Amino acid sequence: MGIHDHHEGRAEEVARERGLRVLAGPEEVAEAAEAVVVATPTSSHGALGRFFLERGLDVLVEKPLAPAVEEASALVALARSRSRVLAVGH
């Protein structure tokens, strides 16, 4: 449905190729989507996963889920407490 990328021009390129709309940032993604794919550097998985789970979205995070077990466990607990789907894959 939409794409956000912080690299200038990349979102526009993918949007054109795939017929998607460009979303300005995580806030706009959260407002527009029911589920998201977090395909970012591992260091941002926890923060972005938490951001989207807290806003009621289901989240697929590319692997690894988080850079540390504690952060991954916190995401799992948050997803359970919000009855949201949290999946990890590639």
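Biologist: How much space lies in the largest pocket?
Modeller: Keep in mind that this is a predicted model. There are 21 residues lining the largest pocket, and those closest to its centre are His4, Val37, Val38, Ala39 and Thr40. As for the space in that pocket, the figure is about 570 Å³.

Biologist: Which element gives the largest share of the lining of that pocket?
Modeller: Four elements give two or more residues each: strand 1 (2–3), helix 2 (26–32), strand 3 (35–38) and helix 3 (45–54). The largest share is 4 residues, and the element behind it is strand 3.

Biologist: And how many residues of the lining are charged?
Modeller: Let's split the lining by type. Nonpolar residues make up 14 of it and polar ones 5. That leaves the charged group, with 2.

Biologist: Let's look at strand 3 itself. Which of its side chains are buried?
Modeller: In a regular strand, side chains alternate between the two faces of the sheet. Strand 3 shows such an alternation, with Ala35 and Val37 pointing to one face and not buried. Pointing to the other face, and buried, are Val36 and Val38.

Biologist: Is valine 37 buried or exposed?
Modeller: Valine 37 is found in strand 3. Its relative accessible area is 58%, and exposed means over 50%, so valine 37 counts as exposed.

Biologist: Which residue is the bridge partner of valine 37 in strand 4?
Modeller: Strand 3 and strand 4 (residues 58–62) run parallel and are joined by 4 bridges. One of the partnerships across these strands pairs valine 38 with valine 61. For valine 37, the partner in strand 4 is leucine 60.

Biologist: What do strand 3, helix 3 and strand 4 make together?
Modeller: We already have the two strands running parallel. Add helix 3 to strand 3 and strand 4, and you get a right-handed β-α-β unit.

Biologist: In strand 4, which side chains point to the buried face?
Modeller: The side chains alternate here too. Asp58, Leu60 and Glu62 point to one face and are not buried. The other face has the buried ones, Val59 and Val61.

Biologist: Which residue in strand 5 does valine 61 stand opposite?
Modeller: Strand 4 and strand 5 (residues 86–89) run parallel, with 4 bridges joining them. Valine 59, for instance, has leucine 86 as its bridge partner in strand 5. Valine 61 stands opposite valine 88.

Biologist: How far apart in space are valine 37 and valine 88?
Modeller: Along the sequence, 51 residues separate valine 37 from valine 88. In space, C-alpha to C-alpha, the distance is 9.5 Å.

Biologist: Which helix joins strand 4 and strand 5 in making a right-handed β-α-β unit?
Modeller: The two strands run parallel. The helix that completes the unit with them covers residues 69–81, and that is helix 4.

Biologist: Is arginine 80 buried or exposed?
Modeller: Arginine 80 lies in helix 4. Its C-alpha atom is 9.8 Å from that of leucine 53, 27 residues away along the chain. With a relative accessibility of 67%, against a cut-off of over 50%, arginine 80 is exposed.

Biologist: What is the arrangement of the aromatic pair?
Modeller: The structure holds 1 aromatic pair. Phenylalanine 51 and phenylalanine 52 form it, with 5.2 Å from centre to centre. The angle between the planes is 85°, and over 60 degrees counts as edge-to-face, so the arrangement is edge-to-face.

Biologist: Why does phenylalanine 51 count as buried?
Modeller: Its neighbour in the pair, phenylalanine 52, is buried with a relative accessible area of 6%. Buried means under 20%. Phenylalanine 51 counts as buried because its relative accessibility is 15%.

Biologist: Which residues does the cis peptide bond join?
Modeller: Most peptide bonds are trans. Here there is a cis one, with omega about 0°. Proline 64, in the loop between strand 4 and helix 4, takes part. The bond joins lysine 63 and proline 64.

Biologist: What is phi of serine 83 near?
Modeller: Serine 83 lies in the loop between helix 4 and strand 5, and is exposed at 62% relative accessible area. Most residues other than glycine have a negative phi. Serine 83 has a positive value, near 55°.

How values were computed:
Residues numbered from 1 in each chain as written. Predicted model: local features only at pLDDT ≥ 70, side-chain atom pairs only at ≥ 80, totals over all residues. Heavy atoms only, no water. 1 Å grid on protein atoms, 1.4 Å probe; cavity = no way out; pocket = protein on both sides within 12 Å on 5 of 7 lines; lining within 4 Å. Points joined across faces, edges and corners; volume = space filled by probe spheres on them. Nonpolar A, V, L, I, M, F, W, Y, C, P; charged D, E, K, R; others polar. Buried < 20%, exposed > 50% of the residue type's maximum accessible area, 1.4 Å probe, protein only. Pairing = 2+ DSSP bridges. Right-handed = clockwise from strand over helix to strand, strands pointing away. Phe/Tyr/Trp six-rings, centres within 6.5 Å; stacked < 30°, edge-to-face > 60°.
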